[in-house]
Amino acid sequence: MQSWPPARLPVLPGRGPELRLYDTSDRQVRPLAAGPTATMYVCGITPYDATHLGHAATYLAFDLIQRLLLDIGHDVHYVQNVTDVDEPLFERADSDGVPWRELASREVGLFRDDMAALRVLPPREYVAASEAVAEVIELVEKMLASGAAYIVDGDYPDVYFRADATLQFGYESGYDRDTMLALSAERGGDPERPGKSDQLDALMWRAARPGEPSWPSPFGPGRPGWHVECAAIALSRIGTGLDIQGGGSDLIFPHHEFTAAHAECVSGERRFARHYVHAGMIGWAGHKMSKSRGNLVLVSALRAEGVEPAAIRLGLLAGHYRADRDWDAQLLEQATARLQRWRAATTLPAGPDAADTIARLRRYLADDLDTPKALAALDGWVTDALEYGGHDADAPRAVASAVDALLGVEL
């Protein structure tokens, strides 16, 4: 699957400090110990609706990570999937009376346009679940052979993964069993499915149902489960020893917990990823944005209203990536005003020395993506430039390049 074209990325002189990120499983901020090529797998969209600001905030967080890794000299092997084989997509396609592939193609196209407009650097590999069915089948076969998976008897012989197939299951989320069961029921699981060995066991292969797409396999026609799709794509495209598994915080359980368990079960490794990184939720009027609530703020709708994507980006970066936070009109107004001030300052013929400001920008971002501090440091330089001027003819251009390279905001 084709991703979107990359934005121009300035190369800054020098380098920033090593990146430190909060790890969900360890519950602390710690250094990211990546090799020359840093590897990152981030869960992509289920393309049944347009990109909203919750999606945008998540992908902006991992865009910052990619930019910082590039700034300190790493190559980055970034893989993102598209879950184009799943119930929400089929249900929406059925209700709209369009083929599911057509709906997926349309929404992925819109997502690409939104990501390009927001200047999010694309992944190296952009993979649809429908393109990775062979890899999923291979993984399920291995699980069945080892006893880590089993087939439920009945009219629909679905394949399930045993939650206790790895001794460390549950380490990523740290949730107790009751919380896991509740979240499983809420987030696409089926704890009450008859015939399962354990309520927590996760679907790996859904046997063919009438009206649903299916693929042939040694264990019967069907389609991939949600979690195994990401495990198969990550293992086949990147391999073991992943540096970062990422996504929104609503994916911690069951999706990321089971994705990691699937991969660990076949690789024999203790951890699927060295860092589990999760972005907070974006809300409107105190509630997480979701289609079911009807409170989505769409990136494409804001763009159609004439809102500049750089202002959307600054509005989302005003809060810390791990924090659940609200979006509102005032936040957008503040971001637009900030963008105008930054542009005014960076188009001056000269300004105050910028070396310390750029160093602070790098330092704050390297400390678990502290964008509020980073933006405040830039605001300070901008205020000095607009109110007091300066004598460094290179400073405005240097600040604009740093903002572009590290924050993805073109001034």
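Which residue lies over the face of Y171, and at what distance from the ring centre? R270 does, at 4.6 Å. This is a predicted model. The briefing covers enclosed space, a pocket, aromatic contacts, helix 5 and backbone geometry.

**Cavities**

- Rolling a probe the size of a water molecule over the atoms shows where empty space is left.
- The count comes to 2 cavities of 30 Å³ or more.
- The largest cavity has a volume of about 60 Å³.
- Its lining consists of A57, L60, A61, L64, L316, L317, G319, H320, Y321, R325, L369 and T371.
- Helix 1 (53-71) and helix 9 (309-317) each give at least two residues to the lining of the largest cavity.
- Helix 1 has the largest share of that lining, with 4 residues.
- By class, the lining of the largest cavity splits into 8 nonpolar, 3 polar and 1 charged residues.
- The second largest cavity has a volume of about 50 Å³.
- G16, P17, E18, L19, L68, D71, I72, R362 and A366 line the second largest cavity.
- Helix 1 contributes here too: helix 1 and helix 11 (355-366) each supply at least two residues of the lining of the second largest cavity.
- The class split for the second largest cavity is 5 nonpolar, 1 polar and 3 charged residues.

**Second largest pocket**

- The second largest pocket holds about 160 Å³ of space.
- Y22, T24, R27, S173, Y175, S249, I252, H278, G280, R322 and D324 form its lining.
- By class, the lining of this pocket has 3 nonpolar, 5 polar and 3 charged residues.
- Two of the lining residues, Y22 and R322, also form a charge-over-ring contact: R322 lies over the face of Y22, at 4.1 Å from the ring centre.

**Aromatic contacts**

- A pair of aromatic rings is described by the distance of the centres and the angle of the planes.
- A search of the whole structure finds 12 aromatic pairs.
- One of them joins F169 and F253: the pair is edge-to-face, with 6.4 Å centre to centre and 70 degrees between the planes.
- F169 sits in the loop between strand 7 (159-161) and helix 5 (177-186), while F253 sits in helix 7 (residues 252-267), so this pair ties together parts that are 84 residues apart in sequence.
- F169 and F253 are both buried.
- F169 also pairs with F258: the ring centres are 4.9 Å apart and the planes are at 50 degrees, so this pair is tilted.
- This contact links distant parts of the chain too, because F169 is in the loop between strand 7 and helix 5 and F258 is in helix 7, 89 residues apart.
- Like F169, F258 is buried.
- These rings belong to one aromatic cluster, made up of F161, F169, Y175, F253 and F258.
- Y175 of this cluster also lines the second largest pocket.

**Helix 5**

- Which residues of helix 5 are buried? They are M180, L181, L183 and S184.
- What covers the buried residues of helix 5 includes helix 7.
- G188, just after helix 5, takes a positive phi of about 90 degrees.

**Backbone geometry**

- Most residues other than glycine have a negative phi, and most peptide bonds are trans.
- The peptide bond from F253 to P254 is cis, with omega near 5 degrees.
- P254 is found in helix 7.
- F253, on the other side of that bond, is the partner of F169 in the edge-to-face pair.
- R27 is not a glycine, yet has a positive phi of about 60 degrees.
- R27 is in the loop between strand 1 (20-23) and strand 2 (28-31).
- Why does R27 count as partly exposed? Its relative accessibility is 38%, and the partly exposed class lies between 20% and 50%.
- R27 is also among the residues that line the second largest pocket.
- L369 is not a glycine either, and has a positive phi of about 55 degrees.
- L369 lies in the loop between helix 11 and helix 12 (371-388).
- L369 has 0% relative accessibility and therefore counts as buried, the cut-off being under 20%.
- L369 is also one of the residues that line the largest cavity.

Definitions and conventions. Residues numbered from 1 in each chain as written. Predicted model: local features only at pLDDT ≥ 70, side-chain atom pairs only at ≥ 80, totals over all residues. Heavy atoms only, no water. 1 Å grid on protein atoms, 1.4 Å probe; cavity = no way out; pocket = protein on both sides within 12 Å on 5 of 7 lines; lining within 4 Å. Points joined across faces, edges and corners; volume = space filled by probe spheres on them. Nonpolar A, V, L, I, M, F, W, Y, C, P; charged D, E, K, R; others polar. Phe/Tyr/Trp six-rings, centres within 6.5 Å; stacked < 30°, edge-to-face > 60°. Buried < 20%, exposed > 50% of the residue type's maximum accessible area, 1.4 Å probe, protein only. Lys NZ or Arg CZ within 6 Å of the ring centre and 35° of its normal. Contact = heavy atoms within 4.5 Å.
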